[in-house]
Amino acid sequence: MSLLLAVLLAAGAVFAVDRLPPRRWRTAAVAALALLPLVYAAAVLWHARARLSTLRLAYVGKQLTFGPGTPLTIGGSGPASEAIEDLNAAKLPPRVLRLEVADAGTAEALGVAAGTPVLRFSGSPVPATSIDGRMLASVPLAAGDRLHLAAGKTAIELEVAGDGLIRGGELYPWPGRLARLFRGPGRILYLPRVLDRLAASEVPRGGWPYRSFLHRPRAFGPWHLVIRDASASVIHRRDDGGEIAVGLPEAVPVPRDFELLLQVVGGRADRLETARRDRLLISRQRLEVRFGEPQWRVEDLADEDAPFTLGLGVPSALARHRRLIELDEGSPRFHGFSIDLSYDPEHDAAGVTYLGKERPLPLGDLYAFGEGDDQMLVRIERTGPPWRVVVDLALLALFLGVFFGRSLAREPALAALVAPVGLLLASRLLFASRAAESPPHFLASTYGEARLALWLVPAGMLFGWSLAWLLRRAGRAPAAGEPAAPAARRALLWPVAGLLVAGLGCSLGSRGIGGLPYLALLPWLGAAALWLAALLLERPRPRAWARALVREGIPWRQRWLLATGGAVLAVRFLGDVLGMPETLRLPLSGFRLLWTVPQLPLCALALALSLHLLARRRPAPDDAPRRLAAEWLGGLAAILAFVGLAFVAVAFLTGDTGLLIVHALPAIAGLLLVARWAPGAALGDRRRRLIYGAGLLVACLPLVLVIAGNLRPDLVVRVVGWGIAEEDGDGESPAQRVADRTAQLSSTRAQQLFRLYMLANPESLSQVGLIPSERVAIHYQTLLSYAEQAGWTGDGFASSTLPRHLGFTYLSDLVPMVFSLADFGAAGVLALALVYAAILGAPLYAARGAPPGGAPAASQGAWIAAVALLAFALPSLYMILANLNLVLFTGKNCNLLALNSVSDVLESSALLGLAAAGLGLARRTRR
């Protein structure tokens with residue numbers, strides 16, 4: 001109900017900005033708009049403060065006896081041994097590495113002092129092992145070197161050349177410069193894959209026994225061979241003509257304090273995946289291991305009648321404890337003992353009972369449990385409401401009031417945009433704080449990404465609004481005696497300062513979550529772009545261009561829309577060829593960006609300009625009705641062809657039907673064209689009805705297909721060839737037919753078909769027996785259970801348990817269901833839908849009262865704002881319905897509410913910035 005009330009207050013404040021003439025009333029309305037996200041979040045947290053008081057335990061590491069008789073073995077699960085500590089990692093073979101103290105023989109061979117800690121490669125294949133960022137067993141290659149691979153009776157040699165690997169005159173080329181540029185760190189060249197091509201006729205039974213791979217530590221540096229077993233070696237050429245053989249070392253010395261990173265080759269054999277990351281500190285007879293990913297457990301403090309029991313290695317089904325907090329511990333040193341924890345809420349104090357002794361337990365301090373010299377390190381904290389959300393939203397309110405205040409007071413269209421966006425940012429911050437502080441995943445990065453959105457989205461809107469102001473000002477003729485350009489630069493100081501502040505907020509807010517500091521530069525780049533534009537507009541020619549733009553609008557031709565669609569299809573095809581069908585890997589980095597981030601704003605801009613051409617087309621006296629009708633029908637056909645190129649063809653190319661279902665909004669935007677504008681009475685009633693019908697068909701075709709797919713999915717599955725009848729004469733069931741016909745499909749395409757079949761025949765879907773079908777069935781039942789259990793208002797924020805069986809999709813595709821429906825009930829979901837719907841009111845404010853023959857730039861701006869906001873709001877509304885099982889589900893998200901997606905932040909910022917620019921071009925200054 002808090003969000004519903006906030007939506008109503010936002011609507012009232014926008015109405016006050018539009019209708020109340022006194023300046024102080026408008027100022028009060030603007031203050032209410034700026035403070036509304038803060039008040040909404042504070043009310044939600046205050047209502048849930050009792051539920052948010054929890055006891056959190058972090059298993060952060062362990063201290064172990066370490067010496068000649070107590071080595072440390074690292075790997076997967078192995079036989080239990082009292083003398084060996086086993087650090088388990090699910091992706092590693094058992095005991096592939098061994099940390100021990102060097103004896104006299106090992107020390108002499110390595111040239112180190114006896115007693116030096118060494119890391120011994122005891123398994124095969126060993127993981128890719130890095131110590132403080134330096135990869136072990138990594139050998140640089142040069143032209144003329146030979147790779148010698150020998151295992152049993154199989155021996156193969158490959159020669160290193162400048163352009164690839166050679167065997168028997170056949171070349172396996174290195175990836176080209178473009179591929180190297182976009183591969184990013186961690187991409188590898190797996191030797192078994194190379195041999196599949198160079199020695200296809202010699203593949204032994206069971207595959208190649210070699211597990212080494214090639215990689216480039218730097219994008220344009222030399223290739224390295226990472227040796228992972230004793231069967232591989234490198235034969236170097238010396239300058240004097242001799243040769244040096246380098247193979248897998250038995251052991252390497254390690255420092256006393258180092259970070260150990262273990263990586264394994266991914267399932268696609270082209271990328272390394274982190275299996276374990278630890279910080280190891282070695283002292284005399286002592287080894288401290290700090291986990292890179294601590295184990296977290298949370299218990300609610302509302303129940304005060306019983307102490308907690310912390311169990312180690314105690315199966316929950318066998319433990320006779322009323323409230324058991326179980327921590328996974330594979331070590332035999334800590335197996336099978338438990339500790340009683342108590343908490344006194346009145347005095348905010350915790351205690352521990354262990355081995356018959358009661359001791360106080362300082363909250364927040366590191367505490368060691370165990371027997372003898374072996375200790376596990378645990379930190380116990382009492383957590384309360386995340387008031388940092390209030391602090392962040394207070395800063396947002398200050399930013400909006402300072403840098404948007406005057407514009408909000410004058411322009412209700414901008415107020416109608418900023419108000420719902422602020423509520424969405426507050427909701428994202430609330431949901432992200434819960435994801436960061438609650439099981440099952442404790443993803444602290446979600447809150448950092450939400451703070452990035454908190455600054456980046458307003459920065460995008462401020463940039464778009466200020467750029468439109470600059471163009472409008474430069475485009476009008478200066479009054480007599482008015483200084484031309486320096487005044488514009490002085491006026492730009494305020495928005496430029498706002499962008500610099502937003503950049504600082506992005507930098508501080510996203511600190512420590514990796515990969516995002518570069519994105520914090522975007523507001524600063526926007527400030528530089530604004531200032532550069534102001535400098536350029538001081539020159540006569542750019543100023544003449546600006547005047548022409550304001551007088552005539554952005555130059556555009558209808559056929560350019562088809563060129564835009566073809567360019568989008570070509571770029572996506574190139575991305576698919578380079579192994580990037582859905583995400584773009586940025587050069588020289590591992591950061592991935594969804595292709596829709598540049599695609600959707602570009603398509604929205606192109607479509608808006610094309611719709612503007614048709615909307616302003618008015619019959620001239622000498623126009624023949626046939627010619628005018630042909631132009632309108634041609635424009636609608638161009639829109640339909642554009643959708644076919646930029647969305648339908650791309651969807652089939654990448655296997656992403658959600659792109660078609662959710663993001664094919666240009667056709668829906670055509671509904672505006674038919675609803676408001678007509679070619680005129682000169683066409684005659686017959687031709688006008690024809691154009692109306694064609695326009696409605698273009699606009700509603702995606703909606704009709706989606707609605708038909710949801711109302712009659714049985715007809716759709718018959719069309720695609722599945723069939724839905726009962727058993728045929730040969731006794732084959734529908735479930736078996738589905739399993740047979742999807743076995744040859746990729747998992748992505750099979751999953752999409754299973755989602756459709758789920759609506760057509762969910763009973764048969766549960767009998768298919770394939771992993772993708774089981775996932776879809778579980779997903780379907782989860783959606784049903786959430787929808788059935790949710791009441792009208794729910795029990796409030798953080799009243800439900802976050803799901804463990806949905807993976808990470810509950811942070812992106814399922815946010816309306818998991819974070820809104822489960823906690824706030826149907827009212828919360830309705831309020832969320834109203835927020836997205838309210839955003840569509842901004843272009844209506846901009847277009848209301850505009851003269852039919854107004855400036856082309858202003859008319860284009862209204863269309864740009866409308867289409868950009870349609871592209872923002874309509875997919876979100878669709879996904880809300882999909883979370884309620886009312887329409888076919890697809891793997892998309894509500895804009896600004898994908899908690900684990902930086903691409904969502906950038907896409908939303910781009911669309912909202914484009915919309916703000918359109919509103920700025922269309923605005924009518926109010927006094």
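Colleague: How do you know that the ends of helix α8 (residues 444-475) are as far apart as they should be?

Modeller: A helix here is a DSSP run of H or I, at least four residues, numbered from the N terminus. The expected span is 1.5 Å times one less than the number of residues. For the 32 residues of α8 that gives 46 Å, and the end C-alpha atoms are 47 Å apart, so the two agree. Mind you, this is a predicted model: local features need pLDDT of at least 70, side-chain atom pairs count only at pLDDT 80 or more, and totals for chains, interfaces and linings use all residues. Residues are numbered from 1 along each chain as its sequence is written, and side-chain values use heavy atoms, with hydrogens and water left out.

Colleague: What makes α8 mostly covered?

Modeller: Buried means under 20% relative accessible area (1.4 Å probe, protein chains only). In α8, 24 of the 32 residues are buried. Across the protein, buried residues make up 52% of the 927.

Colleague: Why are β8 and β15 called a pair?

Modeller: Two strands (DSSP runs of E, at least two residues) pair if DSSP finds at least two bridges between them. β8 and β15 (residues 224-226) have three, in the antiparallel sense, so they qualify. One bridge joins V139 to L225 in β15.

Colleague: And what makes β8 an edge strand?

Modeller: The open sheet runs β8-β15-β14-β13, with antiparallel pairing. β8 (138-140) and β13 (188-190) each pair on one side only.

Colleague: How do you know that helix α5 packs on that sheet?

Modeller: Contact means heavy atoms within 4.5 Å, and α5 (residues 191-198) touches β13, β14 (213-215) and β15.

Key: Buried means under 20% relative accessible area, exposed over 50%, partly exposed in between (1.4 Å probe, protein chains only). Axes are lines fitted to C-alpha atoms, for helices over the stretch in contact, and angles run from 0 to 180 degrees between N-to-C directions.
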